[in-house]
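Student: I've got this one open on my screen. Walk me through it, please.
Tutor: Sure, here it is.
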Amino acid sequence: MITWIVIGVIVAFILLVVVGGYNRLVALDQRADQSFADIDVQLKQRQDLIPNLVETVKGYATHERATLDAVTQARAAAARATSVNDKVEAENMLTATLGRLFAVSEAYPDLKANTNFQQLQTELSDIENKLAAARRFFNNAVSEFNAVRRQFPTVLFAGLVGFGSDKPFFDVGEGERAAMTAAPPSVQF
């Protein structure tokens with residue numbers, strides 16, 4: 001009789017650990033998905049601003065067609081991306097082409113003074129700040145999920161209940177990381 005009680009207590013304890021671990025994984029998975037949705041909202045707002053920005057620049061910089069086309073193509077690729085890795089790659093490309101677009105605007109003083117352009121640039125800067133915050137929140141949620149998924153005893157059953165792999169981070173990508181670790185840019189006056 002006592003052996004059955006001990007076995008019952010052990011089985012109940014194991015069930016509590018598994019159910020508690022599973023529920024925690026589900027909650028963290030949901031948090032990561034929700035935070036990625038927040039990034040999507042910011043990315044959509046940024047993508048919606050880009051056509052207006054391109055049209056504004058077109059009026060001043062007609063011979064900068066290659067840069068304008070690159071921004072348009074990068075925006076289209078970003079809009080088509082669905083997975084985290086695809087979105088990271090596409091958004092990094094879009095960020096790089098937007099940088100080239102703003103560099104083009106530096107060559108046109110009338111464009112820089114244009115109220116519409118300034119407003120669009122300010123809105124885009126605001127969205128970039130919100131995006132950075134959303135990415136940090138997402139990466140924190142992913143980090144917490146991945147850590148719990150790997151911790152004992154969760155690691156023993158995570159794969160069995162559908163949480164067998166880590167979630168990917170929303171990072172700058174290999175190319176951008178290499179550029180950041182290279183020699184700092186020279187500034188000349």
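Tutor: One term before we start: a crossing is called left-handed if the near helix is turned anticlockwise from the far one by less than a right angle, and right-handed if the turn is clockwise. Helices here are DSSP runs of H or I with at least four residues, strands are E runs of at least two, and both are numbered from the N terminus.

Student: And what kind of model is it?
Tutor: It's a predicted model, where local features need pLDDT of at least 70, side-chain atom pairs count only at pLDDT 80 or more, and totals for chains, interfaces and linings use all residues. Residues are numbered from 1 along each chain as its sequence is written, and side-chain values use heavy atoms, with hydrogens and water left out.

Student: How many helices and strands does the chain have?
Tutor: It has 7 helices and 0 strands, so along the sequence you read α-α-α-α-α-α-α.

Student: How much of the chain is buried?
Tutor: Of its 189 residues, 33% are buried. Buried means under 20% relative accessible area, exposed means over 50%, and partly exposed is in between, using a 1.4 Å probe and protein chains only.

Student: And what does the surface add up to?
Tutor: The chain exposes about 11600 Å², and carbon and sulfur atoms supply 60% of that. Those areas come from the Shrake-Rupley method with a 1.4 Å probe; for residues, only the protein chains shown count as cover.

Student: What share of the contacts is between residues 24 or more positions apart?
Tutor: Taking contacts with a separation of 6 or more, 75% are between residues 24 or more positions apart. Contact means heavy atoms within 4.5 Å.

Student: Back to the crossings. Which way does H2 pass H3?
Tutor: H2 passes H3 in a left-handed crossing. The axes of H2 (residues 65–80) and H3 (residues 84–106) come within 9 Å and cross at roughly 155°. The axes are lines fitted to C-alpha atoms, for helices over the stretch in contact, and angles run from 0 to 180 degrees between N-to-C directions.

Student: What do you call that arrangement of H2 and H3?
Tutor: Roughly antiparallel. Angles over 145 degrees count as that, under 35 as roughly parallel, 65 to 115 as roughly perpendicular, and the rest as oblique.

Student: Which residues make the contact?
Tutor: On H2 they include Thr67, Leu68, Val71 and Ala74, and on H3 they include Glu91, Leu94, Leu98 and Leu101. By class, this H2–H3 contact has 12 nonpolar, 2 polar and 3 charged residues. Ala, Val, Leu, Ile, Met, Phe, Trp, Tyr, Cys and Pro count as nonpolar, Asp, Glu, Lys and Arg as charged, and the others, Gly among them, as polar.

Student: Glu91 caught my eye. Is it buried or exposed?
Tutor: Glu91 is buried, with a relative accessible area of 0%. Leaving aside neighbours within four places in sequence, Glu91 contacts Leu43, Arg46, Gln47, Ala78, Arg135 and Phe170.

Student: And Thr67, buried or exposed?
Tutor: Thr67 is buried at 13% relative accessible area. With the same four-place neighbours left out, Thr67 is in contact with Arg100, Leu101 and Val104.

Student: What about Arg80 in H2, buried or exposed?
Tutor: Arg80 counts as exposed, at 61% relative accessibility. Its C-alpha is 8.8 Å from that of Ala90, 10 residues away along the chain.

Student: Switching to H1. How does H1 run against H5?
Tutor: The axes of H1 (residues 2–58) and H5 (residues 115–150) come within 8 Å and cross at roughly 160°. That makes the two helices roughly antiparallel, and the crossing is left-handed. Their contact has 21 nonpolar, 8 polar and 10 charged residues.

Student: And at what angle do H1 and H2 pack?
Tutor: About 170°, with the axes 10 Å apart, so H1 and H2 are roughly antiparallel to each other. Among the contact residues are Ile50 and Val54 of H1 and Leu68 and Val71 of H2.

Student: Last thing: which peptide bond is cis?
Tutor: The one from Phe152 to Pro153, with omega near 5°. Pro153 sits in the loop between H5 and H6 (154–157). The C-alpha of Pro153 is 8.0 Å from that of Gly21, 132 residues apart along the chain, and Gly21 is buried at 11% relative accessible area.
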